[in-house]
Structure formats: structure tokens, C-alpha cells
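Welcome, and thanks for taking a look at this protein. Please have the sequence and the model open side by side as you read.

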Amino acid sequence: MPVFTFLEQYDLKDKTVIPFCTAYSGPSSTLRDIVSATPQSNHLDGICIMTKEQGGKDMDKKHPKIDKWLTGIGF
């Protein structure tokens with residue numbers, strides 16, 4: 001909810017929004033909800049990382065899925 005409060009309070013018109021979230025059990029509608037909450041923004045492909053994939057451990061270490069995603073969107 002804090003993210004959506006932020007999105008409601010700031011004008012992101014014509015800004016680039018790159019949705020990113022983490023979830024324990026599985027993907028949710030969060031990425032779609034962020035895009036819906038910023039209809040006048042430009043959107044790059046987002047990513048949802050499920051911590052259950054690694055048992056919730058070592059998420060502070062380099063995650064190959066995140067690196068691949070960042071490369072794919074030009075970072």
C-alpha cells in the first residue's frame with residue numbers, strides 16, 4: 001500500500017515507470033496494478049521476484065534473474 005500512496009501523490013505523467021516487486025508465494029497483480037496506477041507514464045517491462053524460489057534466503061546476493069531483467073530493459 002505505501003507504493004500506491006506514493007503513486008497517488010506524485011505526478012508521474014511522461015515519466016518512465018519500471019515495476020519491480022517481491023513476493024513470497026507467487027506472482028500477484030502488483031505489476032499490472034502499478035501500470036494501472038500510472039496510466040500517463042511510459043512503462044518498461046517489470047519483474048516480480050518470488051523469494052520462495054530460494055527459500056527466502058540470500059536475497060541480498062546477486063540474483064541472476066534480476067541481472068537478466070536489467071540487461072533486457074537496457075541497464
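This report goes from the overall layout to the strands, the cysteines and a few loop residues.

## Overall layout

What you see is a predicted model. The secondary structure comes to 3 helices and 4 strands, and the elements follow the order α-β-β-α-β-β-α from the N terminus on. The protein has 75 residues, and 24% of them are buried.

Its accessible surface is about 5600 Å², with 54% of that area belonging to carbon and sulfur atoms. As for contacts, take those with a sequence separation of 6 or more: residues 24 or more positions apart account for 68% of them.

## Strands β2 and β4

A good place to start is the pairing of β2 (residues 20–23) with β4 (residues 47–50). These two strands run in the parallel sense and are joined over 4 bridges. Two of the facing positions can be named: C21 has C48 as its bridge partner in β4, and A23 stands opposite M50.

In a regular strand the side chains alternate between the two faces of the sheet. Strand β2 shows this alternation together with a split in burial: C21 and A23 point to one face and are buried, while F20 and T22 point to the other and are not. Strand β4 is covered on both faces, with I47 and I49 buried on one side and C48 and M50 buried on the other.

## The two cysteines

The bridge partners C21 and C48 invite a closer look. Why do C21 and C48 not form a bond through their sulfur atoms? The sulfur of C21 has its closest cysteine sulfur in C48, and at 3.3 Å that is too far for a bond. For a pair to count as a disulfide, the sulfur atoms would have to be within 2.5 Å. Seen from the other side the result holds too, because the closest cysteine sulfur to C48 is that of C21, again at 3.3 Å. A search of the whole structure accordingly gives 0 disulfides.

Both cysteines are buried. C21 has a relative accessible area of 11%, and for C48 the value is 15%; each counts as buried because the cut-off is under 20%.

## L31 on helix α2

Which residue of helix α2 touches both of these cysteines? L31 lies in helix α2 and has contacts with P19, F20, C21, G46, I47 and C48, leaving out residues up to four places away in sequence. Its contact list thus includes residues of β2, such as F20 and C21, and residues of β4, such as I47 and C48.

L31 and C48 are 17 residues apart along the chain, and their C-alpha atoms are separated by 7.4 Å. L31 itself is partly exposed, with a relative accessible area of 22%.

## The loop between α2 and β3

Next comes the loop between α2 (30–37) and β3 (42–43), where T38 is found. T38 counts as buried because its relative accessibility is 4%. Beyond residues up to four places away in sequence, T38 touches L7, L12, V17 and H43.

S41 is found in this loop as well, and at 9% relative accessibility S41 is also buried. A polar atom of the S41 side chain lies 2.7 Å from the backbone oxygen of L12. Setting aside neighbours within four places in sequence, S41 is in contact with L12, K13, D14, K15 and V17.

## D14 and T16

One of the contacts of S41 is D14, a residue in the loop between α1 (2–9) and β1 (16–17). D14 is not a glycine, yet its phi is positive, at about 65°. Is D14 buried or exposed? With a relative accessibility of 55%, D14 counts as exposed, since the cut-off for that is over 50%.

T16 has its place in strand β1. With neighbours within four places in sequence left aside, T16 is in contact with N42 and L44. From T16 to Q40 the C-alpha distance is 9.6 Å, and the two residues are 24 apart in sequence.

Notes
Residues are numbered from 1 along each chain as its sequence is written. This is a predicted model: local features need pLDDT of at least 70, side-chain atom pairs count only at pLDDT 80 or more; totals for chains, interfaces and linings use all residues. Side-chain values use heavy atoms; hydrogens and water are left out. Buried means under 20% relative accessible area, exposed over 50%, partly exposed in between (1.4 Å probe, protein chains only). Contact means heavy atoms within 4.5 Å. A polar contact is a pair of N or O atoms within 3.5 Å; within protein, one must be able to donate a hydrogen and the other to accept it, and residues adjacent in sequence count only if both atoms are side-chain atoms. Two strands pair if DSSP finds at least two bridges between them. Accessible areas come from the Shrake-Rupley method with a 1.4 Å probe; for residues, only the protein chains shown count as cover.
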